[in-house]
Amino acid sequence: MTEHQTPQPSSVEASSDDVSGVGFTYVIGRWVVAPLARLIYRPRIEGAQHMPRKGPVILASNHLSFIDSFVIPMFAPRPVYFLAKSSYFDGKGIAGWISRQFFTAIGATPVQRGAGQAALDALDQQRRILESGRAIALYPEGTRSLDGRLYKGRTGVAFLALESGARVVPVGLIGTNDAMPVGAKWPRFRPRVTIRYGEPLDLSHHGPASSGRARRAATDEIMAAIHALSGQELAGAYNEAPAQNPVERLKQVLPHERR
């Protein structure tokens, strides 16, 4: 894909669940589980005043650990929603029920992985959440940083922001990779994690979502703001799995827009 083509969104398929209402389980999670988690983990929260209390907002965060998707919605000053694999909601028996209730409680919306139309459906689901005046959390890097460095941002978050008109609040997470390192089964109670919110970004001055140049410039602005908050070393590259064959290696070196 070139910089001037419209990007396809991330490869997930939306569920048929309506996002217009707030369920009882989420209310319990917001008002019972979250305060309990604050008491246990005592996170350092900085810049919470930057978070708009109303209207559509995209939280764009660095991504260091599996628990990032719990830390952000549990400790945010307003409800925040994110997409999670449908397998977390489809389990059977007691274990499946616990998983389903837990992910619902922290604001997760079930999606199925896929491509093509499935990816477009997922983008529509994110749009609906924003159109309802809610906040969603996304990771511009695309996946976790295994070495702690901050990787280049993919343009999907900027595309959604430019298309929806939602403001972007940059988020810098610090210490989540120490609280739950890669391979750990359970998070540690120490060290304490830090969550830093930056001032909201209005990216509309970069141009329309259909412009590859606008998406790239908006993405770079988002990543610069995240870097200022997290203080991570810059990787200067995309966070991609090693190429498994010559075709994949060729795709990685040719200029194209990372969605």
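A residue is called buried here when its relative accessible area is under 20%. With that cut-off in hand, the predicted model can be entered through helix α2. The buried residues of this helix are Asp68, Ser69, Phe70, Val71, Ile72, Pro73, Met74 and Phe75. Since eight of the eight residues of α2 are buried, the helix is largely enclosed by the rest of the structure.

The surroundings of α2 include a nonpolar core. The largest such core has 28 residues, and those with the most contacts inside it are Leu59, Ile72, Val80, Ile195 and Tyr197. At least two residues of this core come from each of α1 (24-41), β3 (57-61), α2 (68-75), β4, β6, β7 (167-174) and β8 (194-197). Helix α2 gives the most, with five residues. Apart from this core lies another, of 26 residues, including Leu130, Leu160, Ala209 and Met223.

Helix α2 also takes part in an aromatic contact. The count of aromatic pairs comes to one. Its members are phenylalanine 66 and phenylalanine 70; their ring centres are 5.3 Å apart and their planes stand at 85 degrees, so the pair is edge-to-face. The two partners may be compared by exposure. Phenylalanine 70, at 15% relative accessibility, counts as buried, whereas phenylalanine 66 is partly exposed, with a relative accessible area of 36%.

Phenylalanine 66 also leads to another part of the chain. Its C-alpha atom is separated by 9.6 Å from that of glycine 183, although the two residues are 117 residues apart along the chain. Glycine 183 is found in the loop between α6 (176-179) and β8. With a relative accessible area of 72%, glycine 183 is exposed.

Phenylalanine 70 in turn leads to an open space. The second largest pocket holds about 580 Å³. It is lined by 23 residues, of which Tyr41, Ile67, Phe70, Phe102 and Pro187 are the closest to its centre. Helices α1, α2 and α3 (93-105) each supply at least two residues of this lining, and the largest share, five residues, comes from α1. By class, the lining of this pocket has 21 nonpolar residues, two charged residues and no polar ones.

From the pocket one may turn to enclosed space. Rolling a probe the size of a water molecule over the atoms shows where empty space is left. A search of the whole structure finds one cavity of 30 Å³ or more. About 40 Å³ of space lies in this largest cavity. Tyr81, Phe82, Leu83, Gln126, Ile129, Ile136, Ala137 and Leu138 form its lining. The elements that give two or more residues to this lining are β4 (80-85), α4 (117-131) and β6 (135-138).

What classes of residue make up the lining of the largest cavity? Seven are nonpolar, one is polar and none is charged. Glutamine counts as polar, because it is outside both the nonpolar and the charged lists. Gln126 is among the lining residues, and glutamine 126 is found in helix α4. At 7% relative accessibility, glutamine 126 counts as buried. Leaving aside residues up to four places away in sequence, glutamine 126 touches Leu83, Ile136, Leu138 and Leu160. Of these, Leu83, Ile136 and Leu138 also line the largest cavity, while Leu160 is among the residues of the 26-residue core.

How values were computed: Residues are numbered from 1 along each chain as its sequence is written. This is a predicted model: local features need pLDDT of at least 70, side-chain atom pairs count only at pLDDT 80 or more; totals for chains, interfaces and linings use all residues. Side-chain values use heavy atoms; hydrogens and water are left out. On a 1 Å grid over the protein atoms alone, a cavity is a set of points where a 1.4 Å probe fits but cannot get out, and a pocket is an open set with protein on both sides within 12 Å along at least five of seven lines; lining residues have an atom within 4 Å of a point. Grid points are joined across faces, edges and corners, and a volume is the space filled by probe spheres set on the points. Helices (H or I, at least four residues) and strands (E, at least two) are DSSP runs, numbered from the N terminus. A nonpolar core is a set of buried Ala, Val, Leu, Ile, Met, Phe, Trp, Tyr and Cys residues joined through side-chain atoms within 4.5 Å. Buried means under 20% relative accessible area, exposed over 50%, partly exposed in between (1.4 Å probe, protein chains only). Rings of Phe, Tyr and Trp (its six-membered ring) pair if their centres lie within 6.5 Å; planes under 30 degrees apart count as stacked, over 60 as edge-to-face and the rest as tilted. Contact means heavy atoms within 4.5 Å.
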